[in-house]
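Colleague: I am new to this structure and would like a close look at a single part of it. Please choose one stretch, say which way its residues face, and then follow it into its surroundings.

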Amino acid sequence: MEKSVQTSLLKLLTQISSRSDASPFLHPVDWKALGLYDYPTIIKNPMDLTTVLKKLKSNQYSSRSSVESDVRLIWKNCMSYNADGSDFYLLASEFSKRFEEKISKLSKEPAVRSQVNPTNDTLPTAEQKQSFARNLFRIGKEELGRVVTVLDDKSPEALTKNVAEDEVEVNVDRILGRVFWELEEYVAGVLGKNEKKK
């Protein structure tokens, strides 16, 4: 991710987090303390603003789209758990609307990523899938391990695990669109660094 994009996202998320009505979204939901024992059964992937900011500051995001996905997950989780029309539902809906307005303005700024793939759910072509599959054989074990970790977390249906032989097979055709672009950018970045070293 370009430094300028990272800085813009940090600024935007800091502004959102500093709002007085953002408190329900700042930290992980303490469902035990709140007695919300069904929360973990309904919300499979919890997310909060503090976690996103920490990941962003420590360069854990490889693309802007992955940051946006995590932020959208915050609002989605709240609206999924709380009843339509409830105070929390309406608050999450309002934050979601504000975020999309702000991020759309950010999207108008020049960005190489947006020129290549306008939306994070755009499906890759067969040629792009083949190129990505070939590139997986060109990266190191450590980098490949990270690819598998991301897939296991965000697109597990793309992995076929052979427990007996301790092997994992990646099915490129089954990777979700947004996850594909995140990993494609990461792998391209790794190969780019390797070329510079040579």
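Modeller: Let us take α1, where Lys3 and Lys11 are exposed (over 50% relative accessible area, with a 1.4 Å probe and protein chains only) on the side opposite the buried residues. Before going further, please keep in mind that this is a predicted model, in which local features need pLDDT of at least 70 and side-chain atom pairs count only at pLDDT 80 or more, while totals for chains, interfaces and linings use all residues. Residues are numbered from 1 along each chain as its sequence is written, and side-chain values use heavy atoms, with hydrogens and water left out.

Helices and strands here are DSSP runs numbered from the N terminus (H or I with at least four residues for a helix, E with at least two for a strand). α1 has 15 residues, and from its first C-alpha to its last it reaches 21 Å, which is close to the 21 Å expected at 1.5 Å a residue (that is, 1.5 Å times one less than the number of residues). Which residues of α1 are buried? They are Val5, Gln6, Ser8, Leu9, Leu12, Leu13, Ile16 and Ser17, where buried means under 20% relative accessible area, and anything between the two limits is partly exposed. These residues lie on the same side of α1 because they cover an arc of only 165° around the axis, the arc being that of the directions from the helix axis to the C-beta atoms.

From here the path leads inwards. Two residues of that buried list, Leu13 and Ile16, are also among those with the most contacts inside the largest nonpolar core, together with Phe25, Leu49, Val52, Trp75 and Phe99. This core has 25 residues, a nonpolar core being a set of buried Ala, Val, Leu, Ile, Met, Phe, Trp, Tyr and Cys residues joined through side-chain atoms within 4.5 Å. α1 (3-17) supplies at least two residues of this core, as do α2 (23-26), α5 (49-57), α6 (64-81) and α7 (87-107), and the largest share, 6 residues, comes from α6.

Apart from this core lies another one of 18 residues, including Ala158, Val172, Val179 and Val187.

Back in the core that α1 helps to build, Phe25 is in contact (heavy atoms within 4.5 Å) with Asp48, Leu49, Ile74, Trp75, Cys78, Leu91, Ala92 and Phe95, leaving aside residues up to four places away in sequence. One of these partners, Leu49, is buried in α5, and so are Val52, Leu53 and Leu56. Those four residues of α5 span an arc of only 95° around the axis, which puts them on the same side of α5. The elements that cover them include α1, α2 and α6, and this brings us back to the helix with which we began.

As for the wider setting, the protein chain holds 11 helices and 2 strands, following the pattern α-α-α-α-α-α-α-α-α-α-β-β-α when read along the sequence. Of its 198 residues, 35% count as buried. Among contacts between residues at least 6 apart in sequence, 69% join residues at least 24 apart.
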